[in-house]
Amino acid sequence: MFKLRSLLPGAAAAAAAIGVLALLVSVVERKQEARTTFVKVVEVAEGEPDPSVWGRNFPAHYEAYLRTMRTSELVSYSPYGRYGGSEAFSRLDRYPALVRLFAGYPFSVEYREERGHMNAVEDMLATKRLGDAKPGTCLTCKSSAVPSVMASLGGPEAFYATPARELVAGHAGLRHSVSCADCHDAATQALRAPRPAFAEAMAGRGIDIAAAAHNDKRSHVCAQCHVEYYFQGPGKRLVHPWAKGLDIESIEAYYDGIGFKDWDHAETGAPLVKAQHPEFELWSSGIHARSGVSCADCHMPYKREGAVKVTDHWIRTPVVNLTNACAGCHRLSEGELKGRVLEIQDRTFELLGRAEKAILAGQDAVKLALEKGVPAAGLADARALHRRAFLRYDFLSAENSMGFHSPQEAARILGDAIDYARQMELAAVRALAAFETRQGGVR
């Protein structure tokens, strides 16, 4: 017993020494790993559009970026792809009512779900909308080479006015889709948002994006493209309609003030505006934006690569990455987090459906009035209400979070869309009744 007791302190000391040694070795290895994770293998030119060149210096980031192409592997995860995703399905086939909602506009001919950043150039060129008449403006957010090509042409105006296919044929870099140069300075890897229209629009709101805080830039790099916009004038200049504000009423007031329309609806004759993908505008009204949560915090959350904390460049829906994307702030189970997302999206989708039915009912009423001979002047109120209802409906239909970026604002907007659509229907019914009364009096 004496010998055993006398040996115990020595054994304990040896075990402790081994433990300390192992810890020191681990610390050294981690420090070495942190120093060697980002090794400059090649010089990357400013604006380099080829992500594989950047990938030689940042292999972990590049490998994650490439997974953007393989989002189909997530479809088995039930929430993904219910209302969107990155599969090129035909929205017209899935939601046939869109053909009537967009009657007279190219979106009634083809409206496919986007496949994500890796396929942006290919999908833009392939779409039937506008055919080969697509202006360079359509390329603005589709390739990381756009800012450098704009500079080579003397500015964005020349880029916008040149046909997209001509630009791609003449500038090999434009064949590369959205990638590293869209968000990073090549020399410093600092975040930046190089699209000129975004910088102009933000400056109009009193914000210098070059001087913005790093966390704000984690949203700006996304916001430069995930926004509402229109083509201004014969030169097809890209403009964001934010001069009066980011909310739907301010955007509507801006468009009304300049008399802008994308087309006259084929059934009603109403001058309508097609929304694009106003993620930034809707997010700006939500609790995450007010709490300082950036786009990257949820869609590109931090992760560990050995000893180094990096931004996950596999850009995807947070629903399939709840632990990293949400649980850092929300101390809830994955089941609870997923349930909250699905509840918000399901409610938004239901409201979209109600708005859709209400607008179609309004269209039916206007069509009937026209068929009965009601003159256009008698349907001015109904057409104005169609414009208001459709913009709100499409603002949420075109936005890619199915309401999650700002649930209460999404519900408010769609509630107003339903209201305006029913007012449209009633205005058309009243116009027809008044017309028929007058016709009866004439007889």
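How much space lies in the second largest pocket? About 190 Å³ is the computed value, and it comes from a predicted model. Let's take a walk from that pocket to a cavity, a hairpin and a group of aromatic rings.

## The second largest pocket

The lining of the second largest pocket is made up of 15 residues. Those that lie nearest the pocket centre are D216, S219, H220, F280 and W283. If you would like to find the pocket on screen, look for helix 11 (214-223) and helix 13 (279-284), each of which supplies at least two lining residues. Helix 11 provides the largest share, four residues. By chemical character, the lining of this pocket divides into seven nonpolar, six polar and two charged residues.

Helix 11 also holds V221. With a relative accessibility of 13%, V221 counts as buried, because the cut-off for that word is under 20%. V221 also has a partner from elsewhere in the chain: its C-alpha atom is 5.5 Å from that of C183, although 38 residues separate the two along the chain.

## A cavity and a hairpin

Which residues line the largest cavity? They are A60, H61, A64, K303, E305, V310, T311, D312 and H313. Three elements give two or more residues each to this lining: helix 3 (59-66), strand 5 and strand 6. Helix 3 gives the most, with three residues. The lining of the largest cavity splits into three nonpolar, three polar and three charged residues. The space inside the cavity comes to about 30 Å³, and the count of cavities of 30 Å³ or more is one.

The two strands that contribute to this lining also belong together. Strand 5 (residues 302-305) and strand 6 (residues 308-311) pair in the antiparallel sense, over four bridges. One of the pairings joins K303 to V310, its bridge partner in strand 6, and both K303 and V310 appear in the cavity lining. The two strands form a hairpin with two residues between them. In the turn sits G306, with a positive phi of about 65°.

## The aromatic residues

Searching the whole structure gives 22 aromatic pairs. Two of them are set side by side here.

| Pair | Geometry | Centre to centre | Angle between planes |
|---|---|---|---|
| F107 and Y111 | edge-to-face | 4.8 Å | 90° |
| F390 and Y393 | tilted | 6.2 Å | 45° |

Why is one pair called edge-to-face and the other tilted? The planes of F107 and Y111 are 90° apart, so this pair is edge-to-face, a label that needs an angle over 60 degrees. The planes of F390 and Y393 are 45° apart, so this pair falls in the tilted class, which takes angles that are neither under 30 nor over 60 degrees.

Are the rings of these pairs on buried or exposed residues? F107 is buried at 9% relative accessibility, and Y111 is buried with a relative accessible area of 9%. F390 is buried at 0%, and Y393 is buried at 3%. F390 and Y393 both belong to helix 18 (residues 380-398), and because they are three residues apart there, about one helical turn separates them.

These four residues join a wider group: F102, Y105, F107, Y111, W263, F390 and Y393 form one aromatic cluster.

Charged side chains also lie over aromatic rings. K274 lies over the face of F107, at 4.8 Å from the ring centre. F107 therefore has two roles to look at, as a ring in an edge-to-face pair with Y111 and as a ring with K274 over its face, a label that needs NZ of Lys within 6 Å of the ring centre. R94 lies over the face of F89, at 3.7 Å from the ring centre.

## One more long-range pair

Finally, turn to helix 17 (residues 334-371), where Q345 has its place. Is Q345 buried or exposed? Q345 is buried, with a relative accessible area of 13%. The C-alpha atoms of Q345 and H405 are 10.0 Å apart in space, while the two residues are 60 residues apart in sequence.

Methods:
Residues are numbered from 1 along each chain as its sequence is written. This is a predicted model: local features need pLDDT of at least 70, side-chain atom pairs count only at pLDDT 80 or more; totals for chains, interfaces and linings use all residues. Side-chain values use heavy atoms; hydrogens and water are left out. Rings of Phe, Tyr and Trp (its six-membered ring) pair if their centres lie within 6.5 Å; planes under 30 degrees apart count as stacked, over 60 as edge-to-face and the rest as tilted. Buried means under 20% relative accessible area, exposed over 50%, partly exposed in between (1.4 Å probe, protein chains only). A charge sits over a ring if NZ of Lys or CZ of Arg is within 6 Å of the ring centre and within 35 degrees of the ring normal. On a 1 Å grid over the protein atoms alone, a cavity is a set of points where a 1.4 Å probe fits but cannot get out, and a pocket is an open set with protein on both sides within 12 Å along at least five of seven lines; lining residues have an atom within 4 Å of a point. Grid points are joined across faces, edges and corners, and a volume is the space filled by probe spheres set on the points. Ala, Val, Leu, Ile, Met, Phe, Trp, Tyr, Cys and Pro count as nonpolar, Asp, Glu, Lys and Arg as charged, and the others, Gly among them, as polar. Two strands pair if DSSP finds at least two bridges between them.
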